[in-house]
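Please work through the exercises below with the sequence and the model side by side. Each task is followed by a solution that goes step by step.

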Amino acid sequence: MRRSLDGLPPELLFDIVSHFEPDYFQQSLLALSRAIPRSAVPTHLLLEKIRLTRGEQVFQLYRRLRDAPEDAARVREFAFEAWTVDADIFVNLMHLLPSLMYLKMFVGPNFAPEHLEEIFQRPRTQLQYLSLQFRPYVQRATYYQFLKGAYFDSTLLALSSWPAPTLPVLSIVQDPLDPAIAPTGFAQPLVFFRLDPLSTLAVSPLGNTLKHFRLRVPGRPVAGHLHTALHSYPAVEFLDMSTSNVGSRDVASLLGRMRHIQILVLDGCPIVSQRTDIQLDAGEPFLQWAELGKAMALSGLACASEREKKLKAWVDAFYVQDNEDEPSKKGRKAKRGRKGLATATISLRAKSPERAAQPSGDVPRSRIPSRGQRVRVLPPVPALRSLATSFPGAVSPETYEAVRDEFERGWAEGIARLQAVRLRLWTSWRNGISRIVRFADRGSLEWNEEALYGEQGLVGLVDVDDEETFMLNFTPNEEAERVVREACPLLCIAGSKHDAPHTKGCGHQIGWALYTDET
């Protein structure tokens, strides 16, 4: 007796469909519905996940949905993967899709900044994943974009204006200029003219909730714009800046200010010199990797020292201002001496250093140290768990092992120095010599005050009142409640190719699982 698939229950069919490959979901679902037309195949899922790979499909879908708002409201995931399209029709299609949770789009030369402004002008509150991949390159020389100033800086500003989004995953990628894609004999259009909008996005409501950020702008120094402002991207744990101009100093500054970063991907970034032959002649071919590991381990120390200097300058300025205010309250007395002497309008002396910013009078009194009190800032420990990058040259198993050993050696030296500093602060705190403070935790009352008053006085800092806070854990303990934070980050230098020998669980593999668009 022949058994038919027509009698399968809907629950089983739905489970079968859930195992389809995402790239072939629509084709597979259509084929199944045609193979067993009398069964309860969940064809409504065709509208929940839409993937278009040709420009003409945009107009076809627009005609299908413009008179069927109930079907348009079913669309949850939309991916457009073509470089040529009628951008006006694409914008009209986006207006029909109010319930998107996943949006991926290729932005080719047909798009103008105004198109993306119109798409993202209204907040998409349900969006959980946004990927914008730019390839603005043209086949013939044209300077229209330069003359008009047609850059996509406004797209970042539009996203920054969203009032209260909960977007955890964001990808902004510019494809590197490849001769196979477009000619390189003339100046190609830029995607971003200024990088300042990245700083605006960093402190926006969207930047406040962002956890996974992939930002690739080939050859541009983007790192400094990510942490310029206070509380920049405070929730980011995964950061990919591959192909951008990011050096070792940028990495140390980034980790010091964005202290929640756990995964860092830097393929094609000059974090070490490309001239390995110079260090090879010096007998230390992988010394730069040790220096990199040490700088990353000490990133919190540099940030704490900088905060201490700001605190000391602020306190000095505060009490100088306080002293200057006293005579004005009591009345000034005329000084004896000659009157009416001319004052020189020029000076041959060297220019004096700029004075610290004058303290504002609205800082809470509890955030002002007493006169003469010695305050030190406890340097934090990096949260980094994985560094994924590419090696400037061929990688053999011996090379990888040598690089990893040098990186771990540098990290261990940095952590040892960090521990020595923290122990000195512990001794000073125990003997009552100094008041020791630490950076406030994200979301705490002190952290929120820093957003209001800035780095004035002790705003954004919390007193250390437990000696265990000074200590670091060097040996793993599965039974301990505190996670061992000082372990050396997992290093992978295999680059972006999938078939390369990657370290298991490295940042590359985590990124592929997050974004699912690199093959």
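The exercises that follow treat helices, strands, rings, backbone angles and burial in turn. The model is predicted, so that local features need pLDDT of at least 70 and side-chain atom pairs count only at pLDDT 80 or more, while totals for chains, interfaces and linings use all residues. Residues are numbered from 1 along each chain as its sequence is written, and side-chain values use heavy atoms, with hydrogens and water left out.

**Exercise 1. Compare the span of helix α17 with its expected span.**

Begin with the boundaries: helices (H or I, at least four residues) and strands (E, at least two) are DSSP runs, numbered from the N terminus. Helix α17 covers residues 397–430, which is 34 residues. The expected span is 1.5 Å times one less than the number of residues, and for α17 this gives 50 Å. From first C-alpha to last, the helix reaches 48 Å, close to that expectation. After α17 comes glycine 432, with a positive phi near 75 degrees.

**Exercise 2. Classify the ring pair formed by tryptophan 314 and phenylalanine 318.**

The criterion is that rings of Phe, Tyr and Trp (its six-membered ring) pair if their centres lie within 6.5 Å, and that planes under 30 degrees apart count as stacked, over 60 as edge-to-face and the rest as tilted. The structure holds 17 aromatic pairs. In the pair of tryptophan 314 and phenylalanine 318, the ring centres are 5.3 Å apart and the planes are at 10 degrees, so this pair is stacked. Next, place the two residues: both belong to helix α16 (residues 299–330), four residues apart, or about one turn of the helix. An α-helix has 3.6 residues a turn, so residues three or four places apart point the same way. Tryptophan 314 and phenylalanine 318 are both buried, where buried means under 20% relative accessible area, exposed over 50%, and partly exposed in between (1.4 Å probe, protein chains only). Elsewhere, ring pairs link Phe78, Phe80, Phe90 and Phe111 into a cluster.

**Exercise 3. Which rings lie under arginine 214 and arginine 430?**

A charge sits over a ring if NZ of Lys or CZ of Arg is within 6 Å of the ring centre and within 35 degrees of the ring normal. For arginine 214, the ring is that of tyrosine 515, with 4.1 Å to the ring centre. For arginine 430, the ring is that of tryptophan 426, and its centre is 4.3 Å from the charged end.

**Exercise 4. Describe the open sheet that contains β9, and then the pairing of β10.**

Two strands pair if DSSP finds at least two bridges between them. The open sheet has three strands in the order β9-β11-β12, and its pairing is mixed. At its edges stand β9 (375–377) and β12 (461–463), each of which pairs on one side only. From one strand to the next the twist averages 40 degrees, with axes taken as lines fitted to C-alpha atoms (for helices over the stretch in contact) and angles running from 0 to 180 degrees between N-to-C directions. Between β9 and β11 (residues 435–439), three bridges give parallel pairing, and valine 377 stands opposite valine 437 in β11.

Turning to β10 (residues 386–389), Ser386 and Ala388 point one way, Leu387 and Thr389 point the other way, and all are buried. Strand β8 (residues 263–266) pairs with β10 in the parallel sense over four bridges, with isoleucine 263 opposite serine 386. Strand β10 is also joined to β13 (residues 490–492) by three bridges, again in parallel, and leucine 387 has leucine 491 as its bridge partner in β13.

**Exercise 5. Are histidine 231 and threonine 516 buried or exposed?**

Histidine 231 lies in the loop between α12 (223–226) and β7 (238–240), and its phi is near 60 degrees, a positive value in a residue other than glycine. Because its relative accessibility is 18%, histidine 231 counts as buried. Threonine 516, in the segment after α19 (507–515), also has a positive phi, near 50 degrees. With 56% relative accessibility, threonine 516 counts as exposed.

**Exercise 6. How many disulfides does a search of the whole structure find?**

A disulfide is a pair of cysteine sulfur atoms within 2.5 Å, and the search finds zero. Cysteine 303, at 10% relative accessibility, counts as buried, whereas cysteine 488 is partly exposed at 27%.
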